[in-house]
Amino acid sequence: MGYALTRIDMHIHSDFSDGLNTPREIVEFALTRRFDSICIADHVSRDTGWLDDFLMEIKALRNEFEGRIEILAGLEVEVLDMRGNLDVDPTRVSSADLVLASFHWIPGKSGRMSWRAIRMDRAIALENWFTAMRAVLRNKQVKMIAHPGFILKSYKIEIPTYVKEEVAVLAGRSGVVFEHNHKYRVPDDEFLSLLQTEGARILPGSDAHSLVELDELWRSWPDV
Ligand SMILES: [Zn+2]
Ligand SMILES: [Zn+2]
């Protein structure tokens, strides 16, 4: 799969959250690797105290490097429940360039499903994820789905084709970007091709947490 002539990475973590490098180090490195556009996306939640500092820093870098590389500020935010609510103050998200909705766990009836509950009923886990995904795609705050399907893959739960199809249709209609995630290798080929068929927007993201990882993930990505 090609991504036209632009070299884009929509998902790089800095040391504002759990990455190793500063935003400036990431930008300077990305220039040496001839990226046209990067999104520095850090994990935030409702009680994140450094959000304004992060946004100011990205804005300053964007101005400094204008014309050489596009720099976006992204917020990677957990999906809290099956209604598609996010773990972020809704009044704060507009100050970022994009919100990446993420599943690092599977929502249950109240809170997250435990590993034991998922193991006991994988069909319910899939259903909950599917319900939450449909709701997230209706949430106007969300601009991108990070590593789509990764959480199910991590529990070895296959996504049936009809589920991929329905998500692809909603993705196409909503305009929400689906990340082609280098690190977790999701979505799979079938899911990607359904997303493309339905006109969904797909952009690459490494999900790198260091410059070394950024380099490695891009080197081992044969399709771009
Ligand atoms: Zn993530
Ligand atoms: Zn991430």
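Start your tour of this predicted model at helix 7, and select Asp189 and Thr197: both are exposed, on the other side of the helix from its buried residues.

Now turn to that buried side. Select Phe191, Leu192, Leu194 and Leu195, which are the residues to look for here: each is buried in helix 7. Look down the axis and you will find that they cover an arc of only 165°, which puts them on the same side of helix 7.

What should you display next to see what covers the buried residues of helix 7? The cover includes helix 6, strand 6 and strand 7 (201-205). Before leaving, click on glycine 199, just after helix 7, where phi is positive at about 75°.

Next stop: helix 6. Select residues 161-174, 14 residues in total; at 1.5 Å a residue they should span 20 Å, and the end C-alpha atoms are indeed 20 Å apart, so expectation and model agree.

Within helix 6, colour Val163, Lys164, Val167, Ala168 and Ala171, which are buried. Viewed down the helix axis, these buried residues fall within an arc of 135°, so they line one face of helix 6. Rotate to the other side and pick out Tyr162 and Arg173, which are exposed.

To see what lies over the buried residues of helix 6, show helix 4 (122-136), strand 6 (177-181) and helix 7 (189-197), which are among the elements covering them. Strand 6 is worth keeping on screen, as it is included in the cover of helix 6 and also in that of helix 7.

Finish at glycine 175, just after helix 6, with a positive phi of about 80°.

How values were computed:
Residues are numbered from 1 along each chain as its sequence is written. Chains are lettered from A and ligands numbered from 1 in the order in which they are written. This is a predicted model: local features need pLDDT of at least 70, side-chain atom pairs count only at pLDDT 80 or more; totals for chains, interfaces and linings use all residues. Side-chain values use heavy atoms; hydrogens and water are left out. Helices (H or I, at least four residues) and strands (E, at least two) are DSSP runs, numbered from the N terminus. The expected span of a helix is 1.5 Å times one less than its number of residues. Buried means under 20% relative accessible area, exposed over 50%, partly exposed in between (1.4 Å probe, protein chains only). The arc is that of the directions from the helix axis to the C-beta atoms. Contact means heavy atoms within 4.5 Å.
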